[in-house]
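Welcome, and thanks for opening the viewer. Keep a selection box handy, and we will go from the whole chain down to single side chains.

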Amino acid sequence: MENNLPVNVREYQELAKKALSKMHYDYINGGAEDEHTLRDNIAAYGRILLRPRVLVDVSNIDMSTSLLGYNMPSPIIVAPTGSHKVANPEGEVATAKAAASCNSLMVGDI
């Protein structure tokens, strides 16, 4: 990790493994039953490719977008999940605060 900051999912997993009890880490990192959906999701993310561009002016990058009429600095949202209190005593409230501090959205189901 450059400058001790994680840059990919595996590096975040390693930090989580150090911060959480084995039981809580295994619960968050795992999937239900035979973990078919977990494997499918990992495979789907593996098919996403970033196309590096070289010799391109990057002095003015704008990743902003809008979603459902909400302007946001980047196309990153926080999806609904459960059991956040396993990792933080404030649970989902802490996650919502973190999303808001980045001017991002935390979406939920109704």
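**The whole chain**

Start with a cartoon view and follow the chain from its N terminus: the elements come in the order α-α-α-β-β-β-α-β. That gives four helices and four strands. Please keep in mind that this is a predicted model.

Now colour by confidence. The mean pLDDT of the chain is 87, and 95% of the residues reach at least 70. Select helix α1 (residues 9-19) to see where confidence is highest, at a mean of 92, then strand β4 (residues 105-106), where it is lowest, at 84.

**Overall dimensions**

Next, show the C-alpha trace alone and turn it about its principal axes, along which it spans about 45 × 30 × 30 Å. How does the radius of gyration of the chain compare with that of a compact globule of 110 residues? The chain has 17 Å, whereas such a globule would be near 13 Å.

To go with that view, colour residues 1-49 as domain 1 and residues 60-109 as domain 2, following the domain assignment. Their centres, taken over C-alpha atoms, lie 18 Å apart.

Switch on the surface. About 9700 Å² of the chain is accessible, and carbon and sulfur atoms account for 57% of that area. Of the 110 residues, 12% are buried. If you have a contact map at hand, look away from the diagonal: of the contacts between residues at least 6 apart in sequence, 41% link residues at least 24 apart.

**First stop: Glu-33**

Select Glu-33, in the loop between α2 (22-29) and α3 (36-46). With a relative accessible area of 81%, Glu-33 lies over the 50% cut-off and therefore counts as exposed. Check its backbone too: phi is near 45°, a positive value in a residue that is not glycine. As a reminder, most residues other than glycine have a negative phi.

**Second stop: the loop between β3 and α4**

Move on to Ala-79, in the loop between β3 and α4. Is Ala-79 buried, partly exposed or exposed? Its relative accessibility is 43%, between the 20% and 50% cut-offs, so Ala-79 is partly exposed. For a distance check, pick the C-alpha atoms of Ala-79 and Asn-29: these residues are 50 apart along the chain, and the two atoms are 16 Å from each other.

Stay in this loop and select Ser-83. Here phi is about 65°, again positive without the residue being a glycine. The relative accessibility of Ser-83 is 32%, which makes this residue partly exposed.

**Last stop: His-84**

Finally, select His-84, in the loop between β3 (77-78) and α4 (92-101). Why does His-84 count as buried? Because its relative accessible area is 12%, and buried means under 20%.

What is His-84 in contact with, once its neighbours within four places in sequence are left aside? Show Gly-91, Glu-92, Thr-95 and Met-106 as sticks, and you have the set. Zoom in on Thr-95: its side chain makes a polar contact with the side chain of His-84, at 2.5 Å. For one more distance, pick the C-alpha atoms of His-84 and Ala-94, which are 8.4 Å apart, with their positions ten residues apart along the chain counted as the separation.

Technical notes
Residues are numbered from 1 along each chain as its sequence is written. This is a predicted model: local features need pLDDT of at least 70, side-chain atom pairs count only at pLDDT 80 or more; totals for chains, interfaces and linings use all residues. Side-chain values use heavy atoms; hydrogens and water are left out. Helices (H or I, at least four residues) and strands (E, at least two) are DSSP runs, numbered from the N terminus. Buried means under 20% relative accessible area, exposed over 50%, partly exposed in between (1.4 Å probe, protein chains only). Contact means heavy atoms within 4.5 Å. pLDDT is the predictor's confidence in each residue, from 0 to 100. Domain bounds come from an automatic or database domain assignment. A polar contact is a pair of N or O atoms within 3.5 Å; within protein, one must be able to donate a hydrogen and the other to accept it, and residues adjacent in sequence count only if both atoms are side-chain atoms. The radius of gyration is taken over C-alpha atoms; the globule rule is 2.2 Å times the number of residues to the power 0.38. Accessible areas come from the Shrake-Rupley method with a 1.4 Å probe; for residues, only the protein chains shown count as cover.
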